Amino acid sequence: MNENVHSLIGAYAVDAVTPDERADFEAHLDACEDCTAELAGLRETAATLGEAEAAPAPAGLRASVLEEIGRTAQLPPLTADDAPAARDAEGPVPLGIGRDGQDAQERHARQRRGWPRLAVAAAVASVLAVGGLVGSTLMADRDDQLALEKDVMMVTSAPDAKSMDLGLGTAHLVVSEKMSSVVAMGDDCPHPKEGMAYQLWLVMDDGSKEAGPTFMPDSDGTFMTMVHMDMDGVAAIAVTEEPMGGSAEPTSTEVAVVGL
Amino acid sequence: MSADRGERRLRAVPADHADATPDAPADARADADALADLLVRTGRGDQAAFERVYDALAGTVHGLALRIVRDPQLAEDVAQEALVEVWRAAARYRPDHGSARAWVLTITHRRAVDRVRSEQSHADRLMNHGPRHAVGAADQVEKPEDVVDAMDAQWRAARVRKGLEALTPLQREALELTYYKGYTNRQLAESLGIPLGTAKARIRDAMIRLRDHWEVAR
């Protein structure tokens, strides 16, 4: 489960999303059973909110609607044969078809083409705090946070995304060769020793190590970070504890290693 | 379009309208199944089934649209769009993925919110729609509410009120601004001066708490 995309689920259920966010979430939804199951419950909840508002329909609406459906063709059902791309266009529930859906689709395509080539994204705490308490120092630059969230979502919803256990609590890695990216995220990560931070390393086939970003779990143990580089020649991902700010070479033994 | 509608409003209401069955809480389960079945049949082109879906949900659809867009004329437009969309897309409704009611109201809510946003982005809302706030007698309800409908509506309103009371004030505020006013999660974050992640989490927490509250109370 990708906790970060998942965090949009409440907003999606009450339509508090932009067309872009809607398209992104729906693209993810096809592949995520957790989200599909949770969304069903939240939709029923939203409907319960909505039906409390019942107000008698205006006179004439019935005749007007029946007249219009008489000249409105129906969509065929979606089947398992439908390509994911076609399903993306309209979402799991075919809403906002036409003008809005199309715009969102086009914007989505543009975004993918313009995907930013970040070398190393800053470590940012995922933000799941309740009641407004968030690791604020890590949230200082909201635009960076947004860019990271978006990029992480692109990686985790990539068709070739692979998920592997990282070994820090239940944290996991998501690797996509197509997106040339590795994402690491978790929500129950133990804290490093006082004064230290975690750092990600890309272990190459020849044994050399490329320095990745440092990251620090927040008070709940939640973290998210990502590296953007060609995965060709990368043999493993490792994590060490390093002094704050990170190191050019590992200065301690690995606390986690995952072979690719 | 509005001119046409004025005329249509004068047409006679079809006689089979008395079939409408209010779904009272006592047999909500059976009603939900019946409604799902009607929606599936609608998807196969059954107009009579659609009419019964209309009769069961049009008031809810219209009420929700009205609550969100506020303007009666806009609300009627949104309700019409949503109900025609129900007809158009009914074949894509999957009973195993949720209730017919939730599917129809999801369409309605999205239409209403999209409309509010596009209206806001064109600053001409008052120019275009202000005068129509004066609702004439012709706009009055299609049928008198019967006692069962009224009790049912009261029961639902009370249930929602109790649910909302179970939320924290911040959670209530988040739903008020998003669900009822059409804010995006970003607009919520910026208007409250909170981080985006907090805004998303707050909406989700509120919805989960409501869901759990209603599941327990059921």
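**Entry 1: the second largest cavity**

I began with the lining of the second largest cavity in this predicted model. From chain A, I listed Ala13(A), Val14(A), Asp15(A), Arg43(A), Ala46(A) and Ala47(A). From chain B, I listed Ala102(B), Leu105(B), Thr106(B), His109(B) and Tyr179(B).

I then asked which elements give two or more residues to this lining. They are α4 of chain A, residues 33–51, and α5 of chain B, residues 100–121. I noted that α5(B) gives the most, with four residues.

Next I sorted the lining by class and recorded seven nonpolar, two polar and two charged residues. The volume of the second largest cavity is about 60 Å³. For context, I looked up how many cavities reach 30 Å³ or more, and the count is three.

**Entry 2: a sheet in chain A**

I turned to an open sheet of four strands in chain A. I traced its order as β1-β2-β3-β6, and the pairing is antiparallel. Why is one side of β1 and of β6 left without a neighbour in the sheet? Both β1 (162–165) and β6 (223–228) of chain A stand at the edges and have a single partner strand each, so one side of each has no neighbour there. I also recorded the turn between neighbouring strands of this sheet, which is 20 degrees on average, with direction ignored.

Within the sheet I examined the pairing of β2 and β3 of chain A. Strand β2 covers residues 172–176 and strand β3 covers residues 181–186. The two run antiparallel and are joined by five bridges. I looked up the bridge partner of Leu173(A) in β3(A) and found Ala184(A).

**Entry 3: aromatic rings**

I searched the whole structure for aromatic pairs and noted six over all chains. One of them is formed by Phe215(A) and Phe223(A). Their ring centres lie 4.4 Å apart and their planes meet at 15 degrees. The pair counts as stacked because planes under 30 degrees apart are classed in that way.

Are these two residues buried or exposed? Phe215(A) has 2% relative accessibility, and Phe223(A) has 1%. The limit for buried is under 20%, so Phe215(A) counts as buried and so does Phe223(A).

I last asked which residues are linked by ring pairs into a cluster with Phe215(A) and Phe223(A). I found Tyr198(A) there, linked with Phe215(A) and Phe223(A) by ring pairs.

How values were computed. Residues numbered from 1 in each chain as written. Chains lettered and ligands numbered in written order. Predicted model: local features only at pLDDT ≥ 70, side-chain atom pairs only at ≥ 80, totals over all residues. Heavy atoms only, no water. Pairing = 2+ DSSP bridges. Axes fitted to C-alpha atoms, helices over the stretch in contact; angles between N-to-C directions. 1 Å grid on protein atoms, 1.4 Å probe; cavity = no way out; pocket = protein on both sides within 12 Å on 5 of 7 lines; lining within 4 Å. Points joined across faces, edges and corners; volume = space filled by probe spheres on them. Nonpolar A, V, L, I, M, F, W, Y, C, P; charged D, E, K, R; others polar. Phe/Tyr/Trp six-rings, centres within 6.5 Å; stacked < 30°, edge-to-face > 60°. Buried < 20%, exposed > 50% of the residue type's maximum accessible area, 1.4 Å probe, protein only.
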